[in-house]
Amino acid sequence: MKKIVVVNSSPRANGNCDLLCTEFIRGASANPENTIVRVNLKDENFDFYREEQTEDDADRLAREMQDSNVVVLATPVYFYTMSGMMKTFLDRMTPYFESFDGTDFIFFLTAAINRSEMETAVESLGGFTDSVPNSRVVRVVYGSNVLHHGDIVSHPAYREVYQLGLDIE
Ligand SMILES: Cc1cc2nc3c(=O)[nH]c(=O)nc-3n(C[C@H](O)[C@H](O)[C@H](O)COP(=O)(O)O)c2cc1C
């Protein structure tokens, strides 16, 4: 029985990250005791990290993540790193990251390029999770060589995330 928060940072509805999230959730939903919260950052309103901050959706989402066991961070690769939406979101988690203590993180990445060139994006995401005490990155899913909407459906990552969801106990 796990609380799972799935955060997609692609602006594309039914894009490659979105489809990976859907398939992962389909697997994780097989256990009715799992609680799954799906977040599409494109539908949320939050500001950049600022010295003086007004409360917004990023704070609400941080509270949602605080009592979760598993957090999926899904991002398209944009210029060898995570999307700007994901970067801004993670920057906004700065006041909270100690409270995500013990969380298991999973990364989903999609890119037009091949896997070896996606590692810089993985390292950037790791810059965040390295700051979270007692956390682990339990899986990185590489949706490489996918450019257009839906390309991911014929990629092995699509089946991988379904199984990953099923395996969460
Ligand atoms: C602004 C922007 C920058 C991108 N930069 C890269 C890149 O550096 N390397 C790459 O392989 N693909 C790049 N892409 C392609 C996307 O990563 C690719 O189309 C991905 O499948 C999109 O995922 P999504 O459908 O979940 O949005 C870029 C796309 C955009 C819109």
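Mentor: Let's start with residue classes: Ala, Val, Leu, Ile, Met, Phe, Trp, Tyr, Cys and Pro count as nonpolar, Asp, Glu, Lys and Arg as charged, and the others, Gly among them, as polar. Residues are numbered from 1 along each chain as its sequence is written. This is a predicted model, where local features need pLDDT of at least 70 and side-chain atom pairs count only at pLDDT 80 or more, while totals for chains, interfaces and linings use all residues.

Trainee: Thanks! How many residues of the shell around the ligand are nonpolar?

Mentor: A residue is near the ligand if its C-beta atom, placed from the backbone, lies within 6 Å of it. There are 16 residues around the ligand, and Ser10, Gly15, Cys17, Pro76 and Ile113 come nearest. By class, one residue of the shell is charged, four are polar, and the nonpolar ones number eleven.

Trainee: In what order do the strands of the open sheet stand?

Mentor: Strands (E, at least two residues) and helices (H or I, at least four) are DSSP runs numbered from the N terminus, and two strands pair if DSSP finds at least two bridges between them. Strand 1 (residues 3-8) joins strand 2 over six bridges and strand 3 over five. The open sheet has five strands with parallel pairing, in the order 2-1-3-4-5.

Trainee: Which strands stand at the edges of that sheet?

Mentor: Look for strands with a single partner, because one side of each is then left without a neighbour in the sheet. Those at the edges are strand 2 (35-40) and strand 5 (136-143).

Trainee: Which residue stands opposite leucine 73 in strand 4?

Mentor: Strand 3 and strand 4 run parallel and are joined by seven bridges. On the strand 1 side, asparagine 8 has alanine 74 of strand 3 as its bridge partner. In strand 4, the residue opposite leucine 73 is phenylalanine 107.

Trainee: How many residues of strand 3 are buried?

Mentor: A residue is buried if 20 or more other C-beta atoms lie within 10 Å of its own, exposed if 12 or fewer, and partly exposed in between, with C-beta atoms placed from the backbone. Val70, Val72, Ala74 and Pro76 are buried on one side of strand 3, and Val71, Leu73 and Thr75 on the other. Strand 3 is therefore largely enclosed by the rest of the structure, with its buried residues numbering seven of the seven.

Trainee: Within what arc do the buried residues of helix 4 fall?

Mentor: Helix 4 (residues 119-129) has Ala121, Leu125 and Phe128 as its buried residues. They pack against strand 3, helix 3 (84-92) and strand 4 (104-110), where contact means C-beta atoms, placed from the backbone, within 7 Å. The buried residues line one face of the helix because, seen down its axis, they fall within an arc (of directions from the helix axis to the C-beta atoms) of 40°.

Trainee: And which exposed residues does the face turned away from the buried side of helix 4 carry?

Mentor: Turn helix 4 so that Ala121, Leu125 and Phe128, its buried residues, point away from you. The face turned away from them carries the exposed residues Glu123 and Gly127.

Trainee: Is asparagine 14 buried or exposed?

Mentor: Asparagine 14 sits in the loop between strand 1 and helix 1 (16-28). Its phi is positive, about 60°, although it is not a glycine. Because 11 other C-beta atoms lie within 10 Å, asparagine 14 is exposed.

Methods: Contact = placed C-beta atoms within 7 Å.
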